[in-house]
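Me: I've got this model open and I'd like a close look at a single part of it. Could you pick one residue, go through its surroundings, and then step back a little?

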Amino acid sequence: MKGYLRYFLNKLGWFAITFVFAFLLNFILPRLMPGDPVAAIVARFAQGMSNSTGVQAIYEQYVELFGTNKPMWEQFVIYLQNVAKGDFGFSFSQYPRTVADVLKASLWWTIALQFPAIIVGWLIGNTLGALAAYLKGGFDKVLMPLSIFVSNFPPFGMAVIFMVVFGVNLKWFPTSGGYGFDLIPSFSWQFIQSVIIHYQMPFWSIVIIAIGGQAIGMRSMAIYELNADYVKYSRFMGIKDSKIVGYVFRNAMLPQITGLALSIGTMVGGALVAEIVFSYPGLGTTLLRAVLGQDYPLISASTLIITVMVLFANFIIEILYGFIDPRIKAVQAD
Amino acid sequence: MKHIIQQVFHSGKFVFGFSIFATILLIVIFYPLFVPDPPLTILGQGTFFPPGIYVSVYDSLSATSYTLNLDEAAAKRIASKLSQEDRQAVKEWLIAAGIPEAEIDPANTEQLLDQWFANYDSKKNVPGMTNAKRNYYIRLNNALKGLLSPDAATVSQTNPQTGEMEQIDTINQTDYVNVSEVANLRLLPLGTDNFGRDILTELIAATRVSLQIGFVAGIIATLIGLTLGLLAGYVGGVVDDAIMFVTNLFTVIPTFVLLILISFSIGQEQRGAFTIAVVIGLTSWVWTARAVRSQVISLRNRDHVNLSKLSGHSIVHIILSDILPYIASYVIMALILQISSGILAEAGLSILGLGPRTTEVPTLGLMINWAMIYQAHILGNWWAYMPVLVTIALITFSMNLMNTGMDQVFNPALRD
Amino acid sequence: MTTLTQPLLSARGVTKVFGFGRQKNTAVDNVDLDLYEGEVISIVGESGSGKTTISKILLGLLTETSGEIYFQGAKRDIRSHAKKQEYWKNIQAIFQDPFSSYNIFNKIDSVLLDCINMRGGRSLPREKKVEMMSEACSFVNLKFEELTNKYPFELSGGQMQRLMIARIFLLKPKILLADEPTSMIDACSRATILDELMHLRREIGMTIIFITHDIGLAYYVSDKVYIMEKGKFVESGSADSVILHPKEPYTRRLLNDVPKIYEEWDLTTV
Amino acid sequence: MANTMLEVKELSTKYITRFREDVYAVDRVSLAVKEGRSLGIAGESGCGKSTLALSLMGYYFPPLHYTSGEIIINGKNISGMKPDDVRKSILGREIAYIPQAAMNALNPTRKIIHFIEDVIMEHEVYATKKDIYERAKKLFETLGLPAEVLQKYPVELSGGMKQRTVIAISVLLLPKVLIADEPSSALDVTSQKMVIKMLRHLMEAGMISSMIFITHELPLLYNVVDDIMVMYAGQIVETGASREMVFDPIHPYSKGLMGSIIVPEQGLRDVKLTAIPGVPPNLKKPPAGCRFAERCRFVRPECLVTNVSLRQAGDGRAYRCILPEAELREAYAREEHKK
C-alpha cells in the first residue's frame, strides 16, 4: 500500500507538471504573436465596436491582464494571480460579460455532452469489437470495414449527416441549440424535455465515431487474448466457452482503458467540432464565436479549461485502471 | 524488401485501400490537365446552383430550331412546372370541393389537371380560407391555363434606332435546339457553392491542397517522431529521459487545443496552407516518437545489432541498416496515419475558422466551412458539403485500410 | 607456454550498476577474472546472475561502472570508435539465439563479407572473397554455393549457428566469447556446434569464454569454471575441482539440483 | 496385472496452417500407460511431442484437427464423444494437462481461488464456495504450497510457485492421467527440482494414476519416468523402459539422442558426444519411406521407399527400423571399437 501511495503521488506530481507546462504554453503563445499583440488585438477589435467606453474598459483590462509594459516574469505573475482568482478578464466579443461568466455558462454543457458520449461510445465499441473477435465470420466481415469507415469519418461530417438526415429531412430532432430557443433555463419539465431532445443528435454523432475506433482496437486485443496460454489451459480444465470468453473480454478490455485515457484528448477535439455543427451551447461553440470575434481572452481561457478537463479525466482513468487490473496494480506498487 | 511488398499486396484490405487512394490521386493529378480553370473563379451570380448542365438561353435562341412532335411534351412541361406544394394545394382544394380523397392522386399530373379544371371555381367560397390563399389559387389557375395554351412564345428586341420593341422571333412549343449547336453551355456536375464557383473544380483543387497539407504535416511529424524516437531509444540515458518527458507532456495535452492556440497566435494573414501543415506536423509527432522508441529499445539489445557493432560498423551504419529496416513498416504505417489525421486536423481547424487564409486556395476544410457558414446543410444544398465529406472520408478510409492491411501482414498475432 | 604468467584478458574489480536511486541494481559486483591464452573457461550462472552483463562488458558492448579491464597486459581503452574496432579484431562473440543474430533484411553473404572487410580484405577481388567465404563455410560443413543469395530465415537454427562459427573462422580473433551458443539448438545438433568450435580453436589457437547456465556443458567443454551468483563469482577453479569437489554451498546446491544419470539424483534436498 | 489407464490406438492428428496446408504432426501413434506407471516422450523440437500431448486430450480446437485413431482413457473411448461431453466428463476428471508455458497458464486478472472455483463448479454442480476453499487449502498443504497462494493473483507469484500452483490446480479433481508438457523448462534448476519432486509425489501418493511427461531434457526425463518413447517426425521410433532406452538404445536416432546427453558427473568430460547431421523432414510433405533415412548413417536404398513399421524387441521394447536389432548392435560395437 505504501508503494501504491508513492505511485499515486508520483502520478499526481506528473499531472501537476503537465498542467504547469500547459499553463505556460497558454501564457506564452499569445505573446509570441508578431508585433505588439495588445495593440493589434485591441485595434482590430475596436473597429467593430461602437461602444467607446466599452473599448476603453477592455483596453485597460487587457493591459492589466497582459501587463505588456512590464517584464515577462511580472506579466506571468499578474496573469497567475488573476487566473487564480478566476479572473480571465472581459470577453471582447460578448462585452460586458466576463470570460469567466461565458465559460461558466458553457462548460457544463460540454462536460454533460462529451464525457457520457465518449464513455458510451467506448462501451458499445468494445462490446462490438469483442463480439467480432469471438464470433468471427460474417459479423466480423461486416463490422470491421464498417468500423474502419466510421472511425475515419470526420467527426463534423458525421454531425452534418446526422443533422441533415434526422434534423432537416426527418425532422425528428431540432437542428441546433441545447434547448428550445423560446425557453429559459429552469428546472421545469418542459425545459428538461427540450434539453433531452436537443441532446440526442450531438450525443449520438460523437458516440458513433467513438464506437468505430474502439471496436477495431478491442477486436485486435481480443484476438490476441483468445490465443493466450491461459485460454488453452482453462479449456483443458473443462471450463465452458462462455466463461472463458468472459475472461478474455475482461482482460482485453483492460488495456483499452489506457487507450481511452490516451484518446480522450483527441476525441475532445472532434467533439468540439460536433458541438459547433449543432450550435450546442458548449465550449466548442464558445470557441468558434471567440475565434470569429478575435476574442483572445476567451480563446485562451477556453483552451486552458479544456486542457484541465482532459488532464483530469486522464488522471482519474489512470488511477481507476490500477484498481481494476491486478497486473498494473502490481507494477504501480513496485 | 520485394518479398515484403509482395506480401503487403496480397492483403485484400491493403489493395482495396490502395486502389481508392490511387484513384483519388490520379483524378487530382489529371483533372487540372483537362480542365485548366483556376479553381476559385466565380462563375455564378448567386449561391448554390444545383448540379446539372447549364445551357445559354440567349444562344439557344439563335441556334437552329428543329420541330419535334413528341406526345408527352406538354404533360412533362406541366409536370415540371407544377411543384409539390402546388400539387398539394390542388389536392386540398379538390377535397374541399367534395372530391373523395381516394380519387385524387397528386402524382398523376393529367388526372389532377382534369379534376382541377372540372372543379375549380374562383368564386367558390371555401370556409376557413384566407384571402392570401384565395389569391394564390387564382394565380395558380392562371398559370396552369397559360401552360395549357398552345400559343408560341414571342421573342422581342428593342430596336436601337426607334427604341421600340420589335418581335424578332417566335418559339413554338414543338421547337427544339440541338445542344451541340448551342454556343455556350457549361457542365456543373456538382453545381456551384455559395460564391458561385464550380464545386467539382474547386473540390479537386481542394483535395490536392489538403493532400499536400496532409503529406507535409505527416512527413514533418514522422521525421520529428522518428528522430526523437531513435535518439531516445538508441542513445538512452539522460537523452531518453529528457525526450520522454517532453513526449509525455504532449501526450496528455490535447493536440487540438494546441493547434487552436498556435493557429490563432499566428494570425489570419500568416496562415497559408503550408504554415498550417507545418503547425499540424509540429503538434502531432508524439505517437510516432513513442512507437519508434519502444521498437528501437527492443531492437537495441537484439543480437544482430551487437554483432553489427562487433563487426566494426559505425552508429550511423547500424541505425541505417540494422535498426531502420526493422521499424520501416511501423514508420510507414505511422506516416499514413499522420497524413490522414493531418487532413482531418486541417478540416477541424478550418471549421473553427482557423484554417488557411481563404483567398488563394481552397482546402477541404475551407469548403466545409463555407458551406456551413452559408447554411447549405439546412437549405438542403447537399452538393455543397456531401462531396467534400465523401472525399475526406474516402481519403482517410483508404489510408486506414492500407494501414490495417499492413498491420495484419506485419503483426502475425492479428492474422486469424 | 611461457606467456602463462601474463593473462590475455583480465578483469579487476569490475562492477556494473544499472539505474539509480530506488531502481539501482548491481548486476556485476566487484568481479576479478584472468584469462590465459589457449584456455577455455566457463562462466556458469542462473538467469539474473549477471553472466550476460559481464560478457557484454568483456566484449566492450557495455561500459563498466568501475574497475579495470586489461587486454594483453595493458589497460583496455575503447573510448573511440577506431579503438573499439581495433579491440574487436581481437575479441568476438557468438550469441545464444541464432534467429536474432542475423539482420533479416541482409543476405547471408553480407555477414561473411563484413568479416573479410574487417580483416582488411575490402579491396580484394570478388573471386578471392568468394573463395574465402567458401573455405569458411566448408570448415563448418556448409556449402557456400547453397547459401549464397539466401536470407537467414531460409536456414535452420543449427545451420545459422554454424555460419556464426564460419564468421569467427574468417575473423580469427584471439578470444571468442560464446554466450550459450547451444541452448536454443536441438541436442542432436549441439554436438556438431561444440565439435566445430573446438576444431576452430585448435585450428587458429583461440581462447574461448563460454557463458552458460548448464553446468554439465561447462564441465564438458572448459578447463576452468567460474560460478556466478548475484553478480559475484562465488567459486572458480579447474573444471574438475569445481564440479567434482565443490566447496561453496551455492555450487553444491547447483550441482545437486541438476538431474543425474549415473549417480542417484537426490530429491530430498529441496 | 494393473489396469491400463490410457490407451492410444493409431492416433493421427494434423495442423491446418493459415495457407490451408496440412502438417501431419502426429502420425499413427499407439501407446499404453498402465496404472502406476509414467511414460516419457523425448525428441527434438518439431518432432510432434507437444502436439501429441495436445492430441491426447481428445479436445481439439483449430489449428489442430483430429484425423483418425482412438483414445481410451480409463476404459472410456473418447474419440467418438461429442466435444462438450469430453469437456464435462473427461477433462480435468479423467485427464489433465500441465502446459509448457505455465507462466501464462493462469488468467492474470483472476485470483487463484476464483479460478479453482470455476474449475470445480464446472464439474460438480453442488459444490459450495466454502467446501471448495477447504478442499483447495487441504490439497495445497498436502503438496507443500502455502494456503495464502489461493488469495493471490498470478502476478504476485514467482515462476516456480506459479508452475506448482498450476500443477496443483490440474490435479484438483484427481485425474487418472496427467500430461505434463515441458513443465519445468522455463524454470531455474532449483524450481525445476521442486516441480519434479511434486510430480513424483503425486504419483507415489496415488493422487494421479499415471503420467505422461514430455521434455527435451533427457537427464530429467530419465529421473522422472518409468518408460521412454522417442519420437521423430511425428512417429514413434523407439520405446522401452527408461534405463534401457538411455543406456542401450537400438534405433540409430535414439542412439544419437542418448549420445548427446551431457551431465556434470565424473568421467563424463572425455565422452565423445554424438552428432546427427541434417535436419528433420518437412511434415507438410513427409517422405514415403523411413522418415529418418536422410540422416541415417546405415541408410539403404530400400529405406527411402519402404514404409517401416515398429518391430517388437521383447520386454516392451519396440523400434522402427528395417535392420534387425542384432545387426544394429553389431554396427554400434564396430564403431565403438574404431574409436
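Reply: Here's a walk around one histidine, D:His123, followed by a few other spots. Keep in mind that this is a predicted model.

Start with where the residue sits: D:His123 belongs to helix 3 of chain D, which covers residues 112-123. Is D:His123 buried or exposed? It counts as buried, because its relative accessibility is 9% and the cut-off for buried is under 20%.

Now for what's around it. The side chain of D:His123 gets to the backbone oxygen of D:Leu91 at 3.3 Å. D:Leu91 also turns up among the residues that D:His123 touches, along with D:Arg87, D:Lys88, D:Arg93 and D:Leu173. From chain A, A:Met237 and A:Gly238 are in touch with the histidine too. That list leaves out residues up to four places away in sequence.

Over on chain A, there's a nonpolar surface patch of about 350 Å², built from A:Phe19, A:Val20, A:Leu24, A:Ile28 and A:Val308. Helix 1 of chain A (residues 2-31) gives the most to it, with four residues. A:Val308 comes from helix 12 of chain A, residues 296-324. With 37% relative accessibility, A:Val308 counts as partly exposed.

Last stop, chain C. The domain assignment splits it into domain 1 (1-90 + 173-270) and domain 2 (99-172). Their C-alpha centres are 26 Å apart, and the contact between them takes 17 residues from domain 1 and 14 residues from domain 2.

Conventions
Residues numbered from 1 in each chain as written. Chains lettered and ligands numbered in written order. Predicted model: local features only at pLDDT ≥ 70, side-chain atom pairs only at ≥ 80, totals over all residues. Heavy atoms only, no water. Patch = residues over 30% accessible without salt bridge, like charges linked within 9 Å, V, L, I, M, F, W, Y side chains within 5 Å. Areas by Shrake-Rupley, 256 points an atom, 1.4 Å probe, with all protein chains shown as cover. Salt bridge = Lys/Arg side-chain N within 4 Å of Asp/Glu carboxyl O. Helix = DSSP H or I, 4+ residues; strand = E, 2+ residues; numbered from the N terminus. Buried < 20%, exposed > 50% of the residue type's maximum accessible area, 1.4 Å probe, protein only. Polar contact = N/O pair within 3.5 Å; in protein donor to acceptor, adjacent residues only side chain to side chain. Contact = heavy atoms within 4.5 Å. Domains from an automatic or database assignment.
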